[in-house]
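Student: Could we go through the ring contacts in this structure, and then a helix pair?
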Amino acid sequence: MFKRFKRIYRQYLSMAAARYYGFPADNLKLIGVTGTSGKSTTTSMIYHILKENGFKVGVISTVGAIAGDKQIETGFHVTTPDPVDLQKYLKLMKDEGVEYVVLESSSHALDQGRLGFLKFDLAVFTNIKRDHLDYHKTWEEYARAKCRLIDALKEGGTVVFNFDDQRSYKFLKEYIYLRNKLHNQNLKEVEYSVSQQLTESEEGKGFVSYKYKSFKFNVEVIGAYNIENSFAAALTAQQVGITMNKAASALETYKGVSGRMEMIQTNPYFVIVDFAHNADSLERSLDSAKDLLGKKGRLITVFGSAGLRDVEKRFTMGEVAGNLSDIIIITAEDPRSELVADINSEIIKGAESTGATLVKRFENTEEYNNYIALANKKIDDPELAERAGVEEEEDVPLETVIYSFDENNINSRFDAIQFAIRTARVGDVVITEGKGHEKSLAFGFVEFPFTDQDAVKKALEKVT
């Protein structure tokens with residue numbers, strides 16, 4: 001009941017803001033993008049294709065907003081802005097002469113009424129996996145929240161959705177059928193399938209390529225899942241009149257999104273910053289990272305799990321990391337009012353269930369620095385080395401090993417990233433997960449300035 005009241009409140013707050021700003025959306029064509037994984041990238045790809053083909057286009061997403069040539073900072077931990085800010089951004093779009101706006105739409109925003117009474121021309125679904133069940137409680141409730149984007153379509157609007165994600169495909173197919181029947185609508189369906197529609201799919205070191213009918217696509221991004229994202233973007237662009245050939249040409253100049261498989265360094269080992277923060281996206285990300293490994297390379301994964309969010313995903317993320325990583329380094333990822341050590345313990349259980357071995361937990365920076373000091377010494381006493389938890393540098397782990405950084409402040413994440421960089425050797429891949437583009441770490445009710453990109457660069461300077 002309380003959630004319903006808040007939804008109604010936000011809807012009417014949006015209406016008041018729309019009235020204040022002169023109903024800017026009336027002059028705009030809206031493309032909404034939602035999904036568990038890939039929505040930020042797909043949003044930016046659609047924006048890029050439209051822009052490269054001469055459309056006056058704006059974008060509002062997790063990473064930020066662009067109105068014409070104006071970059072807009074949308075704040076910390078925000079996918080879809082609050083109702084008032086959203087209308088303000090749409091007004092900026094209108095003033096800049098924008099015709100199309102690509103709007104990343106989270107399940108929270110849809111469920112909470114943050115989009116107000118906006119009407120969309122297209123609704124794009126990447127997939128619906130398990131996530132945010134701390135809020136939505138069940139997958140079905142989560143999926144229904146995302147379906148509010150379908151409810152917001154104009155008469156004759158289009159739904160673009162993923163055949164290969166069968167659970168969401170069947171759910172959406174039935175939802176669209178009932179929507180058309182009960183509300184006498186005539187929604188158009190566009191289904192896409194990497195497995196059935198594409199040929200010659202390939203993932204290389206820094207690119208993906210594939211063929212759709214006679215059209216060849218080459219996109220300079222990391223991750224096989226970007227085949228799916230870029231294909232969805234191309235089919236969406238086709239609905240507004242852009243040919244497949246022109247969409248493919250536009251994607252050749254696409255350079256990716258900040259914090260989405262973002263390459264920081266390629267030699268002598270790869271260092272990547274990514275945003276994966278659930279089991280599905282983590283698995284996709286680590287699978288792609290493994291393809292970059294050298295002959296004797298190891299995958300070193302730095303990640304955590306957010307506090308006051310879906311608790312069960314901590315174990316499953318640990319499982320994924322345990323199955324795919326050689327070295328797991330667990331650390332803070334917005335613990336909020338929870339203790340980092342408690343969250344890390346739950347992730348460790350998941351990793352240990354795969355046979356991974358916990359080597360060391362660091363309570364604070366001092367303990368970590370002492371460990372590094374011991375590691376840097378030539379320890380001849382095996383007993384002392386064992387007590388210190390220090391392995392010989394030339395030893396290659398025969399099984400996945402786990403390190404945990406438990407300090408309840410930003411030192412936890414910086415030390416973890418520095419340790420990953422310090423541990424890396426030629427041919428390895430270091431990947432940090434869960435923060436991506438974000439510019440803060442949340443402890444308690446405070447957002448502390450922090451980016452993985454800065455932490456990686458400082459760590460690289462420190463060890464070279």
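Tutor: The aromatic pairs come first, then a helix packing. This is a predicted model, in which local features need pLDDT of at least 70, side-chain atom pairs count only at pLDDT 80 or more, and totals for chains, interfaces and linings use all residues. Residues are numbered from 1 along each chain as its sequence is written, and side-chain values use heavy atoms, with hydrogens and water left out.

Student: How many aromatic pairs are there?
Tutor: The count is 20. Rings of Phe, Tyr and Trp (its six-membered ring) pair if their centres lie within 6.5 Å; planes under 30 degrees apart count as stacked, over 60 as edge-to-face and the rest as tilted. Phe161 and Tyr169 are stacked, at 5.4 Å centre to centre and 20° between the planes.

Student: Is Phe161 buried or exposed?
Tutor: Phe161 is buried, at 0% relative accessibility. Buried means under 20% relative accessible area (1.4 Å probe, protein chains only), exposed over 50%, and partly exposed in between. Tyr169 is buried as well, with 11%.

Student: And which residues form a cluster through ring pairs?
Tutor: Phe362, Tyr368, Tyr371, Tyr403, Phe405 and Phe419 are linked in this way. Both Phe362 and Phe405 are buried.

Student: Now the helices: at what angle do H2 and H10 pack?
Tutor: Helix H2 (residues 39-52) and helix H10 (residues 225-238) pack at about 45°, with axes 9 Å apart. Helices here are DSSP runs (H or I, at least four residues), numbered from the N terminus. Axes are lines fitted to C-alpha atoms over the stretch in contact, and angles run from 0 to 180 degrees between N-to-C directions.

Note on methods:
Helix = DSSP H or I, 4+ residues; strand = E, 2+ residues; numbered from the N terminus.
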